[in-house]
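Biologist: I'd like to go through this one with you and ask what stands behind each label. Can you take me through the reasoning?

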Amino acid sequence: MERRLNDYSSIRRRKQDGTFREISAPNAELMHVQRWILSRVLTGLRIHEAAFAYRRGLSIKHCAEVHLGARWLLKMDLHDFFGSIYESRIYTVLRGLGYPALVAFEMTRICTRVMPPPEWKPWLSGRGVEAYGAPYQGVLPQGGPTSGALANAVAFDLDTVLTSIAEQGGMAYTRYSDDLTFSSPQALSRSAGSKLVGQIELAISRAGFNAHRGKTRIVTPGARQIVLGLMLTPEAVRLMPEFRHALDNHIRCVERYGPVAHAKERRFHSALSMINHVDGCLAFAIDIEPGWTVERKFRWESALAKHGHPVNQDV
């Protein structure tokens with residue numbers, strides 16, 4: 001399979017820190033093929049129990065709950081997680097599932113894309129597929145249906161090593177995509193924390209990834225504990241107060257002024273985009289705090305109906 005066509009559309013999404021994340025959305029035909037591979041081929045992948053993202057039945061809430069009761073947290077980030085997973089590593093994963101070289105290679109090409117500028121990686125030499133041209137090595141596209149499962153499989157060895165490091169120190173470890181969290185109910189000195197960071201960075205490098213040093217955070221006892229945008233309390237995982245306030249404000253303003261005026265005031269592209277945003281917030285919130293969210297959902301639907309907009313009962 002040669003790389004003659006670009007079958008992806010790039011979408012830029014703003015992250016909480018103000019930077020942008022590039023999402024690669026495959027076209028409809030490629031999306032269908034990747035979904036078939038995900039459901040028929042990738043079910044036998046080795047995924048470490050510390051990996052919580054891209055797994056059916058698990059959410060950020062389940063991941064954050066692992067760290068309840070912690071006295072301190074260490075949070076780290078993998079830089080360019082998907083972009084650092086080259087197709088040679090995907091090929092190795094698929095070969096490990098028992099597929100012949102050519103079949104594994106074809107599926108690898110289906111599940112990866114070349115990101116400009118292309119990086120020369122002459123990894124095909126000696127593998128019997130040199131005639132396929134396009135020597136640039138693709139990477140996992142963030143946004144492809146198969147990317148999450150394959151990324152988890154590639155990171156299995158990393159998760160194994162980091163789990164071992166955590167257990168040796170009496171800690172818990174989780175990974176949610178590129179977000180790494182370590183926690184302990186015991187006290188940790190600054191010097192011990194620095195030593196631990198060094199161990200983890202070395203393990204990350206040896207596993208073929210890169211630590212985003214600018215995002216390493218040690219959260220000491222008494223500080224607000226936040227994991228994956230959720231707040232840890234002694235009893236449970238909670239929504240952030242800022243999130244609650246923003247959602248309440250959207251509902252209150254739509255109750256009073258209507259969706260069109262509120263969307264214009266908040267500079268949404270349209271009333272529909274604002275409604276979709278609030279619907280998404282409610283869908284997220286009800287998984288974290290269902291009791292708090294049910295009342296907001298009722299008020300939101302009532303506000304929309306009051307101003308003549310159809311209500312989505314499936315939110």
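Modeller: Sure, and keep in mind that this is a predicted model. Let's begin with a definition: a polar contact is a pair of N or O atoms within 3.5 Å, and within protein one must be able to donate a hydrogen and the other to accept it.

Biologist: What makes histidine 67 and serine 183 a polar contact?

Modeller: Their side chains are joined at 2.6 Å, and the limit is 3.5 Å, so the pair counts as a polar contact.

Biologist: Where does histidine 67 sit?

Modeller: Histidine 67 is in the loop between helix H2 (60–65) and strand S3 (72–77).

Biologist: Why is histidine 67 called buried?

Modeller: Buried means under 20% relative accessible area. Histidine 67 has 0%, so the label applies. Leaving out residues up to four places away in sequence, histidine 67 touches several others, among them Leu73, Tyr173, Phe182 and Val227.

Biologist: And S3, how much of that strand is buried?

Modeller: Five of the six residues of S3 are buried, so "mostly covered" is a fair description.

Biologist: How do you know that S3 and S5 pair?

Modeller: Pairing takes at least two bridges. S3 and strand S5 (residues 179–184) have six, in the antiparallel sense, so they pair. Methionine 76 stands opposite leucine 180 in S5, and aspartate 77 has aspartate 179 as its bridge partner there.

Biologist: What about S3 and S6, how many bridges join them?

Modeller: Three bridges join those two antiparallel strands, and with a threshold of at least two, S3 and S6 therefore pair as well. Leucine 73 stands opposite valine 219 in S6.

Biologist: What is the order of the strands in the sheet?

Modeller: The four strands form an open, antiparallel sheet in the order S4-S5-S3-S6.

Biologist: Why are S4 and S6 called edge strands?

Modeller: Strand S4 (172–176) and strand S6 (217–219) each have a single partner strand, so one side of each has no neighbour in the sheet. Neighbouring strands here are turned by 15° against each other on average, direction ignored.

Biologist: Which strands does helix H6 lie across?

Modeller: Helix H6 (residues 156–168) lies across S4 and S5, at about 150° to S4.

Biologist: Last one, the cysteines. Why do cysteine 253 and cysteine 281 count as buried?

Modeller: The cut-off is under 20% again. Cysteine 253 has a relative accessible area of 16%, so it is buried. Cysteine 281 comes in at 13%, so the label applies there too.

Biologist: How many disulfides does the whole structure have?

Modeller: Zero, from a search of the whole structure.

Conventions: Residues are numbered from 1 along each chain as its sequence is written. This is a predicted model: local features need pLDDT of at least 70, side-chain atom pairs count only at pLDDT 80 or more; totals for chains, interfaces and linings use all residues. Side-chain values use heavy atoms; hydrogens and water are left out. Buried means under 20% relative accessible area, exposed over 50%, partly exposed in between (1.4 Å probe, protein chains only). Contact means heavy atoms within 4.5 Å. Axes are lines fitted to C-alpha atoms, for helices over the stretch in contact, and angles run from 0 to 180 degrees between N-to-C directions. A disulfide is a pair of cysteine sulfur atoms within 2.5 Å.
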